[in-house]
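Me: I'd like a close look at one part of this structure. Take me through the residues there and tell me what each one touches. Then set that part against the rest of the chain.

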Amino acid sequence: MDRSPIPDMDAPVYVISVAAELAGMHAQTLRQYDRLGIVTPSRTRGGGRRYSARDIEMLREVQRLSQEEGVSLAGIARIMEVEAQVDTLRARVHELQDQLQYASAARVFAAAPGGQIVALRPGERARRRAPGTSLVVWRPSADLHP
């Protein structure tokens, strides 16, 4: 049984010639896409391009959009930009959902004189750091949780 680690999709490991072959393109096309900001690979200290498996997937998608869908390079650049924004927003939504889930599970909050409110983990004790620090026990009402 092969126990080799699964390669990281974002690891910049492919030189331009290998990336071009894997994507089914000419190396000059990859250079053009880099100049246009469509697919921008990582760079070595010496300035050489290094492509990841994710970059190769993006190159294939660019080729599909161009050849099968007839989308211009400017259109492809915009599509890629919007997709990157969507990915960023999705990650933020997951982050906020995790925070909300944690906050809804927490029932005790510490409030400092400056107004900062910190949710305490179950079993965690509030530390009285300054005079005037308050401790609040929150109980959800039936109106908030149907």
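The part I mean is the surroundings of Arg-49, in strand 2.

Reply: A caution first: this is a predicted model. Everything below is computed from it.

Start with the chain as a whole. It has 146 residues, and 20% of them count as buried. There are four helices and five strands. Along the sequence, they run α-α-β-β-α-α-β-β-β. Strand 2 covers residues 49–50, and Arg-49 is part of it.

Is Arg-49 buried or exposed? Its relative accessibility is 18%, which is under the 20% cut-off, so Arg-49 counts as buried.

Now its neighbours. Set aside residues up to four places away in sequence. Arg-49 then touches Tyr-14, Val-15 and Ile-16. It also touches Arg-31 and Asp-34. Pro-41, Ser-42 and Arg-43 complete the list.

Asp-34 deserves its own paragraph. It lies in helix 2, which spans residues 27–36. Its relative accessible area is 10%, again under 20%, so Asp-34 is buried. The side chains of Arg-49 and Asp-34 make a polar contact at 2.8 Å. The side chain of Asp-34 also makes a polar contact with that of Arg-43, likewise listed at 2.8 Å. Thus the Asp-34 side chain has polar contacts with the side chains of Arg-43 and Arg-49. Which other residues does Asp-34 meet, beyond its neighbours within four places in sequence? They are Val-39, Thr-40 and Pro-41. Pro-41 and Arg-43 are on the Asp-34 list, and they are on the Arg-49 list too.

Turn to Tyr-14. It sits in the segment before helix 1, which is residues 16–23. Its relative accessible area is 28%, between the 20% and 50% cut-offs, so Tyr-14 is partly exposed. Tyr-14 and Arg-49 are 35 residues apart in sequence, yet their C-alpha atoms are 8.2 Å apart. The two residues are in contact. Beyond its sequence neighbours within four places, Tyr-14 also contacts Ala-19 and Leu-22. Further along the chain, Tyr-14 meets Arg-50, Tyr-51, Ser-52, Ala-53 and Ile-56. Ala-53 and Ile-56 fall within the span of helix 3, residues 53–67.

That pairing is a case of contact across a long stretch of sequence. For the chain, take contacts with a separation of 6 or more. Residues 24 or more positions apart make up 46% of those.

Now follow helix 3 away from this part. Helix 3 and helix 4 (73–105) each give at least two residues to the lining of the second largest pocket. That pocket holds about 190 Å³ of space. Arg-54, Met-58 and Glu-61 are among its lining residues. So are Met-80, Glu-83, Ala-84 and Asp-87. Helix 4 gives the largest share, four residues. By type, the lining has four charged residues, three nonpolar and no polar.

Between those two helices is a loop, and Ser-72 lies in it. Ser-72 is partly exposed, at 44% relative accessibility. A polar atom of its side chain lies 3.1 Å from the backbone nitrogen of Gly-75. Ser-72 and Val-62 are ten residues apart in sequence, with C-alpha atoms 9.9 Å apart.

Last, the surface. The chain exposes about 11000 Å², and 54% of that comes from carbon and sulfur atoms.

Back to your part, then. Arg-49 is buried and so is Asp-34, and their side chains share a polar contact. Partly exposed Tyr-14 touches Arg-49 too.

Notes. Residues are numbered from 1 along each chain as its sequence is written. This is a predicted model: local features need pLDDT of at least 70, side-chain atom pairs count only at pLDDT 80 or more; totals for chains, interfaces and linings use all residues. Side-chain values use heavy atoms; hydrogens and water are left out. On a 1 Å grid over the protein atoms alone, a cavity is a set of points where a 1.4 Å probe fits but cannot get out, and a pocket is an open set with protein on both sides within 12 Å along at least five of seven lines; lining residues have an atom within 4 Å of a point. Grid points are joined across faces, edges and corners, and a volume is the space filled by probe spheres set on the points. Ala, Val, Leu, Ile, Met, Phe, Trp, Tyr, Cys and Pro count as nonpolar, Asp, Glu, Lys and Arg as charged, and the others, Gly among them, as polar. Buried means under 20% relative accessible area, exposed over 50%, partly exposed in between (1.4 Å probe, protein chains only). A polar contact is a pair of N or O atoms within 3.5 Å; within protein, one must be able to donate a hydrogen and the other to accept it, and residues adjacent in sequence count only if both atoms are side-chain atoms. Contact means heavy atoms within 4.5 Å. Accessible areas come from the Shrake-Rupley method with a 1.4 Å probe; for residues, only the protein chains shown count as cover.
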